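Open the model in your viewer and keep the sequence panel within reach. We will go from the whole chain to single residues, one selection at a time.

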Amino acid sequence: MAIKHNQKIVNNHFRKDWQRRVRTHFDQPGKKASRRVARQAKAAALAPRPVDKLRPIVRCPTIKYNRRVRAGRGFTLTELKEAGIARPLARTIGIAVDHRRQNLSEESLSINVARLKAYKERLILLPRKSNAPKKGDTKTDLSKVNKASTISSVLPIAPTDIAFKEIKKSEMPKEVEGGAYTALRVARSNQRYQGAREKRAKDKAEAESASKK
């Protein structure tokens, strides 16, 4: 509905000094230099260690992006166990650990285990005391070793081949007998009632042995 006649302007806040509240970014060149200096100082403080941590290869969530891979938060406990790295040791040698993440496929497990093993081959552990090296320390001259400032430059996460490919009919997986849905439901049921069935069988065996006596 259109407004008619000469209406009174309500008492709104039209007197704010907005020019004091305008945010400018004239410090961009200076901030760029400050960040660069900070990165260099961090690298010098951590040297000869890299400034970043080793992170796993994970797939992006949702159907839209799950063909892409990226760096994850940390390696799972299963991946560390398969690679032969103790959980308390992992964080001390630059490996990120995420105890909440789970491996939902053999593919992700094998890729990240191979990534951990490749990292172990390149890893050089220097003794805290040069005159008292411990077990696992590398006895080598640091000046003769190629050092890396970042792990991502040595073990980059390469993008996967996301193109669609055709396969032959003979390469199609065989159908599950009785249907995949039925097989999944039966497996789920067996896992769910496994403990109850074992307890029932144990009680039955004890009752039979007691009746024989």
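Start with the contacts across the whole protein: of those joining residues at least 6 apart in sequence, 57% link residues at least 24 apart. Keep in mind as you look around that this is a predicted model.

Now switch to a cartoon view. The protein has 8 helices and 2 strands, and from the N terminus their order is α-β-α-β-α-α-α-α-α-α. Zoom out until the whole C-alpha trace fits on screen; along its principal axes the trace spans about 100 × 80 × 55 Å. How does the radius of gyration of the protein stand against that of a compact globule of 213 residues? The globule would come out near 17 Å, while the protein has 31 Å.

Turn on the surface next. The accessible surface amounts to about 19,200 Å², and carbon and sulfur atoms hold 54% of that area. Buried residues account for 15% of the 213 in the protein. If you colour the surface by charge, you will be looking at 52 positive and 20 negative side chains. The centres of these two sets are 11 Å apart.

**First stop: the loop between α4 and α5**

Select D98, which sits in the loop between α4 (87-92) and α5 (106-122). Is D98 buried or exposed? With a relative accessibility of 8%, D98 falls below the 20% cut-off and so counts as buried. To see what surrounds D98, add R73, G74, F75 and T76 to the selection: D98 is in contact with these residues, neighbours within four places in sequence being left aside.

Stay here and select R101 together with E79. The two form a salt bridge, with 2.9 Å between the closest N and O atoms. R101 belongs to the loop between α4 and α5 and E79 to helix α3 (residues 77-83), so this pair ties together parts that are 22 residues apart in sequence. Both R101 and E79 are buried.

**Second stop: more salt bridges**

How many salt bridges does the count come to? The count is 5, and the pair of R101 and E79 is one for which you have just seen the contact. Move on to helix α8 (residues 194-212) and pick K199 and D203, which both lie in that helix. They are 4 residues apart, about one turn of the helix, and the closest N and O atoms of their salt bridge are 3.2 Å apart. Colour by accessibility and K199 shows up as exposed, at 53%, whereas D203 is partly exposed, at 36%.

Then jump to R20 and D17. Their side chains meet in a salt bridge with an N to O distance of 3.3 Å. R20 is exposed, its relative accessible area being 62%, while D17 is partly exposed at 37%.

**Third stop: the loop between α1 and β1**

Select R49, in the loop between α1 (28-46) and β1 (57-59). R49 has a relative accessibility of 55% and therefore counts as exposed. Now draw a distance from the C-alpha of R49 to the C-alpha of R15: the two residues are 34 apart in sequence and 56 Å apart in space.

**Last stop: the backbone**

Before the final two selections, a reminder: most residues other than glycine have a negative phi, and most peptide bonds are trans. With that in mind, show the backbone atoms of A47 and P48. The peptide bond from A47 to P48 is cis, and its omega is near 5°. P48 lies in the loop between α1 and β1, the loop you visited for R49.

Finally, go to T62, in helix α2 (residues 62-65). What is the phi of T62 near? Phi is near 75° here, a positive value in a residue other than glycine. T62 also counts as exposed, because its relative accessibility is 53%, over the 50% cut-off.

Note on methods. Residues numbered from 1 in each chain as written. Predicted model: local features only at pLDDT ≥ 70, side-chain atom pairs only at ≥ 80, totals over all residues. Heavy atoms only, no water. Rg over C-alpha atoms; globule rule 2.2 N^0.38 Å. Buried < 20%, exposed > 50% of the residue type's maximum accessible area, 1.4 Å probe, protein only. Contact = heavy atoms within 4.5 Å. Areas by Shrake-Rupley, 256 points an atom, 1.4 Å probe, with all protein chains shown as cover. Lys, Arg positive; Asp, Glu negative; His and termini not counted. Charge placed at Lys NZ, Arg CZ, Asp CG, Glu CD. Salt bridge = Lys/Arg side-chain N within 4 Å of Asp/Glu carboxyl O.
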